[in-house]
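Please find below a short note for a colleague beginning to read protein structures. The points are numbered and may be followed with the structure open alongside.

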Amino acid sequence: MKLEKEIHQKKFKSIEQKLMLNIHYTNNWLNAKNESLFKQADVTMQQYNVLRILRGQYPKPCNIKLIKERMLDKMSDTSRIVDKLYNKGFLQRKQCAEDRRNVDVLITKKGLALLSSLDVMDDAAKQLFTTLSTSEINTLNDLLDKLRGE
């Protein structure tokens with residue numbers, strides 16, 4: 001459905017304003033589509049992101065700085081997210097052998113099992129984008145990268 005119809009706005013100040021609003025609206029739409037899966041798993045999008053980062057590094061540990069650099073939401077309080085995941089048993093923390101000021105973070109088997117159960121999100125993403133061809137998906141990815149100066 002057209003953005004104009006979704007938000008009941010007939011005119012925009014510029015095509016750039018419409019684009020910005022369209023990206024924000026679409027981001028919220030995508031988040032809403034995934035929200036029920038996260039609620040069932042009792043994790044947030046940011047916690048899911050941290051677990052995916054840790055799974056990508058597994059079996060090597062990460063430190064908080066590395067996790068923060070790779071987060072999708074750069075404004076997240078990474079230390080707080082790690083604490084919550086630790087309390088749920090999804091990761092373990094150990095003092096770094098090379099630098100005692102750092103903490104090594106490693107995903108647990110329970111965390112890996114949770115991520116495995118959430119891998120259905122990849123299939124859900126494919127379903128969300130069935131209205132786009134492979135070529136259109138590649139073009140949209142390229143345009144979003146270009147927008148961010150990549």
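**Notes on the predicted model**

1. The structure under review is a predicted model. A useful starting residue is T78: leaving out residues up to four places away in sequence, T78 touches I64, I67, K68 and M71. T78 itself belongs to helix α5, which covers residues 78-87.

2. Is T78 buried or exposed? Its relative accessibility is 3%, and because buried means under 20%, T78 counts as buried. The C-alpha atom of T78 is separated by 8.6 Å from that of Q46, although the two residues are 32 residues apart along the chain.

3. The largest nonpolar core contains 24 residues, and the members that touch the most other members are V50, L54 and I67. Two or more residues each are given to this core by α2, α3, α5, β2 (103-107) and α6 (109-118). Which element gives the most? Helix α3 does, with five residues.

4. L54 deserves a separate look. Not counting residues up to four places away in sequence, L54 touches C62, I67, L91, V105 and I107. I67 thus appears twice in this note, as it is also among the residues that T78 touches.

5. Helix α3 also holds Q57. At 16% relative accessibility, Q57 falls under the 20% limit and therefore counts as buried. Leaving aside neighbours within four places in sequence, Q57 is in contact with C62, L66 and R70. C62 is also one of the residues touched by L54.

6. How many aromatic pairs are there? The count comes to one. The pair is formed by F38 and Y48, with 5.1 Å from centre to centre and 55° between the planes, and it is classed as tilted. F38 lies in helix α2 (residues 15-41) and Y48 in helix α3 (residues 45-57), so the pair ties together parts that are ten residues apart in sequence. Both F38 and Y48 are buried.

7. Charged side chains also meet aromatic rings in this model. The charged end of R93 sits over the ring of Y86, at 3.9 Å from the ring centre. K110 lies over the face of F90, and here the distance to the ring centre is 5.2 Å.

8. For a second reading, the student may return to helix α3. This helix contains Q57, contributes Y48 to the aromatic pair, and gives five residues to the largest nonpolar core.

Technical notes:
Residues are numbered from 1 along each chain as its sequence is written. This is a predicted model: local features need pLDDT of at least 70, side-chain atom pairs count only at pLDDT 80 or more; totals for chains, interfaces and linings use all residues. Side-chain values use heavy atoms; hydrogens and water are left out. Helices (H or I, at least four residues) and strands (E, at least two) are DSSP runs, numbered from the N terminus. Buried means under 20% relative accessible area, exposed over 50%, partly exposed in between (1.4 Å probe, protein chains only). Contact means heavy atoms within 4.5 Å. Rings of Phe, Tyr and Trp (its six-membered ring) pair if their centres lie within 6.5 Å; planes under 30 degrees apart count as stacked, over 60 as edge-to-face and the rest as tilted. A charge sits over a ring if NZ of Lys or CZ of Arg is within 6 Å of the ring centre and within 35 degrees of the ring normal. A nonpolar core is a set of buried Ala, Val, Leu, Ile, Met, Phe, Trp, Tyr and Cys residues joined through side-chain atoms within 4.5 Å.
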